[in-house]
Each structure stands twice: as structure tokens, then as C-alpha cells.
Amino acid sequence: AHYWFRGATPVELQQERPKEFQELRRLVDMVLQPAGLLGLPEGKNPKVSAYRIFSDPLRVLHRPLFVYAGTSLLCPLLT
């Protein structure tokens with residue numbers, strides 16, 4: 001909803017633009033139904049956060065060269 005509804009919260013959408021809120025509800029149901037998650041409770045889980053590909057910083061993890069050398073040599077031998 002961050003990108004498509006210009007940062008509006010679901011409550012704001014429901015009050016100010018009910019047609020767009022219904023569209024959002026249908027889209028969410030289309031995603032949740034095949035996953036078997038239609039019975040999820042309403043609300044937010046504070047332990048879960050979304051990763052926005054275009055606006056969140058990219059986390060880079062340093063790995064030593066021997067890790068790449070080892071995997072490039074060992075993987076072909078094991079498969």
C-alpha cells in the first residue's frame with residue numbers, strides 16, 4: 001500500500017476512498033487465499049517489518065575470498 005496508495009494507512013483509505021480500500025482488500029485476499037492464510041487476524045505484528053526494495057538500504061555482507069574460492073571448487077566436485 002506504500003507505493004500504490006501514496007502512503008495512506010488502511011484506516012485513511014477506508015474513510016476517504018472506500019472504492020480503493022475495497023480494491024486493496026480484494027488484492028490482499030487474492031494473495032492470501034492460495035497460501036491458505038485467509039483467516040489471519042486483523043492488525044499488525046510488531047516483530048515483522050517489510051523490506052522495500054527501492055527505498056530501503058542494501059545490506060552488504062563481507063565474505064573473505066577463500067569462501068568464494070572454496071565454494072567454486074567444492075560445489076562442482078560434490079554435484
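## A walk around a predicted model

Y51, I53, F54, L58 and V60 form a nonpolar patch on the surface of this structure, and together they offer about 700 Å² of accessible area. Keep in mind that you are looking at a predicted model. One member of the patch, I53, sits in the loop between α2 (18-35) and α3 (65-78). With a relative accessibility of 63%, I53 counts as exposed, because the cut-off for that word is over 50%.

### Helix α2

Let us move to α2 and check its length. At 1.5 Å a residue, the 18 residues of α2 should span 26 Å, and the C-alpha atoms at its ends are indeed 26 Å apart, so expectation and model agree.

Which residues of α2 are buried? They are F21, L24 and L32. If you look down the axis of α2, its buried residues fall within an arc of 65°, so they line one face of the helix. A general rule helps here: an α-helix has 3.6 residues a turn, so residues three or four places apart point the same way. Part of the cover over the buried residues of α2 comes from α1 (10-16).

Now turn to the other side. The face of α2 that points away from its buried side carries the exposed residues K19, R26, M30, Q33 and P34. Take R26 as an example: R26 belongs to helix α2, and R26 is exposed because its relative accessible area is 52%, where over 50% is needed. After α2 comes G36, which has a positive phi, near 70°.

### A salt bridge

How many salt bridges does the structure hold? It holds one. In this salt bridge the side chains of R17 and E20 meet, with 3.4 Å from N to O. R17 counts as partly exposed, since its relative accessibility is 27%. E20 is also partly exposed, at 29% relative accessibility.

### Distances along the chain and in space

Try finding two pairs of residues in the model and comparing their places in the chain with their places in space. T9, in the segment before α1, is partly exposed at 37% relative accessibility. The table pairs T9 with L27 and R26 with S72.

| Pair | Apart in sequence | C-alpha to C-alpha |
|---|---|---|
| T9 and L27 | 18 residues | 16 Å |
| R26 and S72 | 46 residues | 46 Å |

To retrace the walk, start at the exposed residue I53 in its loop, go on to the buried F21, L24 and L32 of α2, and finish at the salt bridge between R17 and E20.

Notes
Residues numbered from 1 in each chain as written. Predicted model: local features only at pLDDT ≥ 70, side-chain atom pairs only at ≥ 80, totals over all residues. Heavy atoms only, no water. Patch = residues over 30% accessible without salt bridge, like charges linked within 9 Å, V, L, I, M, F, W, Y side chains within 5 Å. Areas by Shrake-Rupley, 256 points an atom, 1.4 Å probe, with all protein chains shown as cover. Salt bridge = Lys/Arg side-chain N within 4 Å of Asp/Glu carboxyl O. Helix = DSSP H or I, 4+ residues; strand = E, 2+ residues; numbered from the N terminus. Buried < 20%, exposed > 50% of the residue type's maximum accessible area, 1.4 Å probe, protein only. Expected span 1.5 Å × (residues − 1). Arc of directions from axis to C-beta. Contact = heavy atoms within 4.5 Å.
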